[in-house]
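Reader: I have a fold in front of me and I want to learn to read it feature by feature. Where do we start?

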Amino acid sequence: MLDERSKSLLKTLVERYIADGQPVGSRTLSKASGLELSPATIRNVMADLEELGLIASPHTSAGRIPTARGYRLFVDTMLTAQPGLIGVETAQLQPDQPQRVIASAAQMLSNLSSFVGVVTSPKKPSVFHHIEFLRLGDRRVLVILVSPDGDVQNRVIFTAQDLSQSELAEASNRLNASYAGLSLEAVRERLRHEVDALRGEIAGLMSAAVQVGTEAMAQQDEQVIVSGERNLLTVQDFSHDMGSLRRLFDLFEQKTQLMRLLDTSSRAEGVRIYIGGESQVVPYEELSIVSAPYEVDGQIVGTLGVIGPTRMAYDRMIQIVDITSRMVGQALSQR
């Protein structure tokens, strides 16, 4: 455990580094901390903090910079958000089509933070309204799924044996009569308990259809809007390291890994901060994500956040993300 003097000096060092972007020396730390300590005492404390892995010394400077572990301690125990840091409270996201709302939110996050704004599309409930099976021959069956809002998904599946169109119609009728309007997960659970009462080929066909529906919904949901990637070109921490920039732009291009990061955030309440290098959640040491889920009608349907360098003003980013998440939820609820 750190004593109060060490905590105060670490807090001051992190705040100075975030503000200036330069390694912090003992003389600067002495003036900024307001503590009446000799330079020798401050150097000893800094040596202790470095030994604990909370700060590090760049090769080109006698000063120190925070490590990911130092940022984490700062964020968890020393960060105090100041009210009124941003003037976004009066801003509005107009109720509109979901894609327009999240595109506007991503741009707002980017503009306010000067970094990258990301928003996942709101997830649709995985409910089917109607299903049909059409025989294509050679154990090939076309599955047609219709959602409550009229979206149609088509998939070809292969069955264990060749089924007649009448058998396929029986399966369609069973599903539509017994399960229409339920979530696909609820259908899957009921099938698990009712499989003994169904003919083997019908049970298998219905289970395959549920799997098709689940995959179709997942593909619809896996959309993320990214805004402001070019802002990173002007960030001092990245501008001289083309390797880091290339990795970051690959992350935004592929989006799969980005979806996994944001999916982790959607399972947590409130604003969460992920600092690079401390875990597998964020794969790059120089990167941090401040994120929060957003809700529609009391249900979490997506996630949004700001991606930027570890040297960011976390108190400001927390407010930007928190307020924007509530605005997105309100805009989508008013549609």
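Author: Start with one side-chain pair. The model is predicted. In it, the side chains of Arg 64 and Glu 50 meet in a salt bridge, 2.9 Å from N to O. Arg 64 lies in the loop between strand E1 (55-56) and strand E2 (65-66), while Glu 50 belongs to helix H3 (residues 39-51), so the pair ties together parts 14 residues apart in sequence.

Reader: Is Arg 64 buried or exposed? And what about Glu 50?

Author: Arg 64 counts as buried because its relative accessibility is 17%, and the cut-off for buried is under 20%. Glu 50 is partly exposed, at 29%.

Reader: How many salt bridges are there by this rule?

Author: The count comes to seven. Take Asp 162 and Arg 135 as another case. Their side chains meet at 2.6 Å, N to O. Asp 162 sits in the loop between strand E6 (152-158) and H6, and Arg 135 in strand E4 (residues 130-137), so this bridge ties together parts 27 residues apart in sequence. Asp 162 is partly exposed, with a relative accessible area of 41%. Arg 135 is partly exposed too, at 39%.

Reader: What does a salt bridge within one helix look like here?

Author: Look at Asp 20 and Arg 16. Both lie in helix H1 (residues 4-20), four residues apart, about one turn of the helix. Their closest N and O atoms are 2.7 Å apart. Asp 20 is partly exposed at 38% relative accessibility. Arg 16 is partly exposed at 31%.

Reader: Now helices. Which residues of helix H2 are buried?

Author: To read a helix, ask where its buried residues point. In H2 (residues 26-33) the buried ones are Ser 26, Leu 29 and Ser 33. They cover an arc of only 60° around the axis, which puts them on the same side of H2. On the other side, Arg 27 and Lys 31 are exposed.

Reader: What covers the buried residues of H2?

Author: The cover includes H1 and H3. Those are the helices of two of our salt bridges: H1 holds Asp 20 and Arg 16, and H3 holds Glu 50. Look just past the end of H2 as well. Gly 34 takes a positive phi of about 75° there.

Reader: How should I read a positive phi when the residue is no glycine?

Author: Most residues other than glycine have a negative phi. So a positive value is worth a look. Ser 114 has one, near 65°. Ser 114 sits in the loop between helix H5 (98-113) and strand E3 (116-120). With a relative accessible area of 45%, Ser 114 is partly exposed.

Reader: Where is Asp 297 found, and what is its phi?

Author: Asp 297 is in the loop between strand E9 (287-296) and strand E10 (299-309). Its phi is positive, about 55°, although Asp 297 is not a glycine. Asp 297 counts as exposed because its relative accessibility is 65%, and the cut-off for exposed is over 50%.

Reader: On to sheets. In what order do the strands of the three-strand sheet run?

Author: For a sheet, read the order, then the direction, then the edges. Here the order is E4-E5-E6, in an open sheet with antiparallel pairing. E4 and E6 stand at the edges with a single partner strand each, so one side of each has no neighbour in the sheet. The twist averages 20° from one strand to the next.

Reader: How many bridges link strand E5 and E6?

Author: Seven, in the antiparallel sense, with E5 spanning residues 140-146. As an example, Leu 145 has Gln 153 in E6 as its bridge partner.

Reader: Which helix lies across E4 and E5?

Author: H6 does, running at about 165° to E4. Ala 169 lies in H6, which spans residues 165-179. The C-alpha atoms of Ala 169 and Phe 133 are separated by 6.7 Å, though the two residues are 36 apart along the chain. Ala 169 counts as partly exposed because its relative accessibility is 30%.

Reader: Zoom out. How many helices and strands does the chain have?

Author: The chain comes to 12 helices and 10 strands. Of its 335 residues, 43% count as buried. The accessible surface is about 17,200 Å², and 47% of that belongs to carbon and sulfur atoms.

Reader: What share of the contacts with a separation of 6 or more comes from residues 24 or more positions apart?

Author: That share is 61%.

Key. Residues are numbered from 1 along each chain as its sequence is written. This is a predicted model: local features need pLDDT of at least 70, side-chain atom pairs count only at pLDDT 80 or more; totals for chains, interfaces and linings use all residues. Side-chain values use heavy atoms; hydrogens and water are left out. Buried means under 20% relative accessible area, exposed over 50%, partly exposed in between (1.4 Å probe, protein chains only). A salt bridge is a side-chain nitrogen of Lys or Arg within 4 Å of a carboxyl oxygen of Asp or Glu. Contact means heavy atoms within 4.5 Å. Accessible areas come from the Shrake-Rupley method with a 1.4 Å probe; for residues, only the protein chains shown count as cover. The arc is that of the directions from the helix axis to the C-beta atoms. Two strands pair if DSSP finds at least two bridges between them. Axes are lines fitted to C-alpha atoms, for helices over the stretch in contact, and angles run from 0 to 180 degrees between N-to-C directions.
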